[in-house]
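I am opening a notebook on a structure that is new to me, and I want to write down what I look up in the order in which I look it up.

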Amino acid sequence: MGNSFCVWCWIVVDVLFQRTQEEGEFDVIFREPFNVRHIGIVAGTAEGAALCYQTICREAEPFLGLHAHPEMTMHAFSLRDYLELIDAEQWEAVADLLSQSSANLARAGADFIVCPNNTLHGAFDAVCSPIPWLHIAEVVAAEVCQQGRRRVGLLGTRSVMEGSVYRNKLKKVGVDLELPCAFDQVQLHAMILTEMIRGHLSAPSRYKLYMMIRSMKEQGCDAVILGCTELPLFVTEEQSVLPLLDSTRLLAQAAIRYAIGSRVQTGLSRRLTSPRQDGGPFCADKNKEGVFTE
């Protein structure tokens, strides 16, 4: 990691972490210096990328101190470019754009990459990158296992629901996957493309979402994956009949954990999930040429 791009922070060794509801203040003792990895973000939609960035900023504070977070660089091609290629099922071309983003972020000093867009992970296996990626579905699958879930529902775009991004990861860990009925899948895909990625959702559409979740409970699901990074903006745990697995937040938490390293542990902070005992990145099991893991 180049020194010009290192973030020099302080490790929380003896943590006296206290946050008051009224003032949101932190009381942290800093001791040993260490380097924090630089996070690269490959953006798809504006809403999903912004939510991931915001979550990293907020949830890094218990580890790094008030207003502190890892260095981040974001790169984005036009969303229209991606959508046109996906509609034409030109996934190799989608992978080419993701590879170009990877190269740009590596040149900017990023040490690893997250992509807060579930749909774009459909091209993951064809991406060539000089630095590691954290795979969003691997992060979610690890949390599913951690929570002991056996059957989960999946909400997302058509390609996410019908494709292998989540199905293969969950099958590998012995978890059953349930999808909305065919009619609901069409409706959900339309809601994402016409409403959610533009930052709003009508009341009738929001009601349909909760009804889809209720239907999944009736199918025997014990949790639902929000496999679209905009969904957390419109679906809340309080109003859901099933626990929610927020792919955006889980990816952001995994990025924090990998950025600050496995040495940082505090029982007073939120748990950050890792499916690997060595604290390594959530990258694909099978490396493709140019896609590296540590």
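**Entry 1: V94**

I began with V94, which I found in helix α4, where helices (H or I, at least four residues) and strands (E, at least two) are DSSP runs numbered from the N terminus. Before going further I noted that this is a predicted model, in which local features need pLDDT of at least 70 and side-chain atom pairs count only at pLDDT 80 or more, while totals for chains, interfaces and linings use all residues. I also noted that residues are numbered from 1 along each chain as its sequence is written, and that side-chain values use heavy atoms, with hydrogens and water left out.

Is V94 buried or exposed? V94 counts as buried because its relative accessibility is 0%; buried means under 20% relative accessible area, exposed over 50%, and partly exposed in between, with a 1.4 Å probe and protein chains only. Setting aside residues up to four places away in sequence, I listed Y82, L85, I86, L120 and A123 as the residues that V94 touches, contact meaning heavy atoms within 4.5 Å. I also looked up L83, which is 11 residues from V94 along the chain, with 9.2 Å between the two C-alpha atoms.

**Entry 2: S99, in the same helix**

Helix α4 covers residues 91-107, and S99 is placed in it. S99 counts as buried, since its relative accessibility is 15%. Apart from neighbours within four places in sequence, the contacts I wrote down for S99 are A126, V127 and C128.

**Entry 3: the chain as a whole**

I then stepped back to the protein chain, for which I noted 10 helices and 10 strands. Of its 294 residues, 54% count as buried. When I took contacts between residues at least 6 apart in sequence, 70% of them turned out to join residues at least 24 apart. The accessible surface comes to about 13,700 Å², and 49% of this belongs to carbon and sulfur atoms; the areas come from the Shrake-Rupley method with a 1.4 Å probe, and for residues only the protein chains shown count as cover.

**Entry 4: the nonpolar cores**

In soluble globular proteins, nonpolar side chains tend to be buried together. I therefore looked for nonpolar cores, each a set of buried Ala, Val, Leu, Ile, Met, Phe, Trp, Tyr and Cys residues joined through side-chain atoms within 4.5 Å. The largest has 63 residues, and L155 and Y166 are the ones that touch the most other members. Helix α10 (residues 247-260) gives this core its largest share, nine residues. I found a second, separate core of 18 residues, which includes A95, L98, L120 and A123.

**Entry 5: α5 against α10**

Which angle do the axes of α5 and α10 make? The axes of α5 (residues 136-147) and α10 cross at roughly 95° and come within 9 Å, the axes being lines fitted to C-alpha atoms, for helices over the stretch in contact, with angles from 0 to 180 degrees between N-to-C directions. This makes α5 roughly perpendicular to α10, a term for 65 to 115 degrees, whereas angles under 35 count as roughly parallel, over 145 as roughly antiparallel and the rest as oblique.

On the α5 side I, too, listed I136, V139, V140 and E143, which meet S247, L250, L251 and A254 in α10.

I looked at I136 of helix α5 more carefully, and it is buried, with a relative accessible area of 0%. Its C-alpha atom is separated by 6.8 Å from that of S247, although the two are 111 residues apart along the chain. Leaving out neighbours within four places in sequence, I136 has contacts that include C115, N118, H121 and Y166.

From helix α10 I chose L250, which counts as buried at 9% relative accessibility. L250 and V140 are 110 residues apart along the chain, yet their C-alpha atoms are separated by 6.6 Å.

**Entry 6: two loop residues**

I closed with positive phi values outside glycine, where H67 has about 70° and E89 is near 55°. H67 is found in the loop between α2 (61-64) and β4 (72-76), and it counts as exposed at 63% relative accessibility. E89 lies in the loop between α3 (79-87) and α4, and it counts as exposed at 64%.
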